[in-house]
Amino acid sequence: MTRWPAALLILTCACTRSAADHEELGDRAYAAGDYRSALAEYQLGLKAHAGSASLDAKLGAAALHTQDYFAAAEAYRALARDDRSRADEAADALERVVRAALGTNDRGALASALTGMREIAPTRPLGRYATLAALDAVDRGDTATALALLPVATAASADPARADSLLYLYGMALVRVRDCTTAVSVFEGVIWRKRAPVVVESAREGLGLCALVEGQLALEKGRPADAEDWFRRATAPGASPDVVRAAFLGDVRLSQGDIAGALESYQQALAGGTPGDTIAQRAQEKINSLGKAEPQ
């Protein structure tokens with residue numbers, strides 16, 4: 001029994017000593033040009049000493065040499081977090097990662113590096129890098145990255161039509177996270193300016209969809225007047241026919257006690273559809289329900 005504490009003490013000292021040596025071992029490997037070994041040692045060192053800015057920087061440099069650009073981007077982002085006095089150094093390094101990632105079409109690394117630059121040095125111009133990464137994020141369905149980079153790409157665009165095309169994509173990303181309040185303003189700006197004709201009609205459809213969602217939410221919250229305004233916007237010219245029909249399913253008139261008006265709205269929801277489609281079924285159910293209720 002008396003041997004256990006001593007054994008544990010020896011084991012603990014050995015582990016601590018080994019962890020402390022990882023940085024030195026990494027430095028030796030790096031100096032010898034063995035960057036993969038250096039990278040592995042620095043990673044082990046950070047596991048034992050998380051938050052070490054020195055190891056962050058060295059890991060980033062080794063990762064760049066091994067073309068592990070995602071690891072490099074993450075390391076330099078960590079460097080800025082762990083030592084704010086080295087933020088400029090980290091931002092410069094992230095620019096190198098961006099250029100390298102572009103050259104190898106490393107999408108994940110590019111997105112991570114650009115997001116890091118935006119976090120660390122928000123006033124530093126990202127130019128075409130932001131646009132490329134934002135469009136790539138849209139293509140990959142990476143909504144969080146798209147939401148972060150599309151406004152930056154829009155601000156960096158010198159072409160008004162290009163800027164509005166990027167704003168339209170931003171609006172659609174907002175729809176995906178159900179931030180329709182913001183998306184409506186974005187779509188309305190694109191429609192009003194008409195600088196990007198290729199996306200204007202799509203923006204009208206997006207606006208109609210968002211207006212429908214907002215109308216339904218307003219109705220659920222007991223605000224029929226607000227709901228009516230949103231449904232009116234959902235039926236504006238350019239909205240998708242199905243969105244227009246769905247807007248007429250809103251129970252605004254019914255909530256106001258206007259049975260005749262409600263029936264008229266449901267009839268309009270039936271129009272233009274195909275027999276048995278979802279909207280038509282719901283409209284018919286509402287009509288049938290009112291028909292049974294009327295004699296009472």
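What covers the buried residues of α10? The cover includes α9, α11 and α12 (224–234). Here "buried" means under 20% relative accessible area, "exposed" means over 50%, and "partly exposed" is in between (1.4 Å probe, protein chains only).

Before going on, a word about the model. This is a predicted model, where local features need pLDDT of at least 70 and side-chain atom pairs count only at pLDDT 80 or more, while totals for chains, interfaces and linings use all residues. Residues are numbered from 1 along each chain as its sequence is written, and side-chain values use heavy atoms, with hydrogens and water left out.

**The whole protein**

The secondary structure comes to 16 helices and 0 strands. Helices (H or I, at least four residues) and strands (E, at least two) are DSSP runs, numbered from the N terminus. Of the 296 residues, 41% count as buried. Now take the contacts with a separation of 6 or more: 49% of them are between residues 24 or more positions apart. Contact means heavy atoms within 4.5 Å.

**Helix α10 and its partner**

Back to α10 (residues 180–193). The helix has 14 residues and reaches 20 Å from its first C-alpha to its last, close to the 20 Å expected at 1.5 Å a residue. That expected span is 1.5 Å times one less than the number of residues. Its buried residues are C180, A183, V184, V186, F187, G189, V190 and I191. After α10 comes K194, with a positive phi near 55°.

How do we talk about two helices side by side? Two packed helices are described by the angle between their axes and the distance between the axes. Axes are lines fitted to C-alpha atoms, for helices over the stretch in contact, and angles run from 0 to 180 degrees between N-to-C directions. For α10 and α11 (residues 197–220), the axes come within 9 Å and cross at roughly 150°. The two are therefore roughly antiparallel to each other, a label for angles over 145 degrees (under 35 is roughly parallel, 65 to 115 roughly perpendicular, and the rest oblique). Their crossing is left-handed: the near helix is turned anticlockwise from the far one by less than a right angle, whereas clockwise would be right-handed.

Where do they meet? On the α10 side you can find C180, T181, A183, V184, F187, E188, V190 and I191, and across from them in α11 are V199, V200, A203, R204, G206, L207, C210, V213 and E214. These contact residues divide into 12 nonpolar, 2 polar and 3 charged. Ala, Val, Leu, Ile, Met, Phe, Trp, Tyr, Cys and Pro count as nonpolar, Asp, Glu, Lys and Arg as charged, and the others, Gly among them, as polar.

**Another pair: α4 and α5**

Helix α4 (residues 69–82) packs with α5 (residues 87–104) at an angle of about 165°, their axes 9 Å apart. That makes α4 roughly antiparallel to α5. The crossing is left-handed. Among the residues making this contact are Y69, Y76 and L79 of α4, and A90, L94 and V97 of α5. The contact residues divide into 13 nonpolar, 1 polar and 3 charged.

In the loop between α4 and α5 you will find R86. R86 is partly exposed, with a relative accessible area of 23%. Leaving out residues up to four places away in sequence, R86 touches A53, S54, A57 and L79. R86 and A57 are 29 residues apart in sequence, yet 9.5 Å apart in space, C-alpha to C-alpha.

**Helix α7**

Helix α7 (residues 128–140) has 13 residues and reaches 18 Å from first C-alpha to last, close to the 18 Å expected. Its buried residues include Y129, T131 and D136. Covering them are, among others, α5, α6 (107–120), α8 (143–156) and α9 (160–176). G141 follows α7 and has a positive phi, near 75°.

**Two residues with positive phi**

Most residues other than glycine have a negative phi, and most peptide bonds are trans. Here are two non-glycine residues with a positive value.

| Residue | Phi | Loop | Relative accessible area |
|---|---|---|---|
| Q67 | near 65° | between α3 (53–65) and α4 | 53%, exposed |
| N105 | near 55° | between α5 and α6 | 59%, exposed |

**A last stop: D27**

D27 sits in helix α1 (residues 3–31) and is partly exposed, with a relative accessible area of 29%. Not counting residues up to four places away in sequence, D27 touches Y42 and K58. The C-alpha atoms of D27 and A38, 11 residues apart along the chain, are separated by 6.6 Å.
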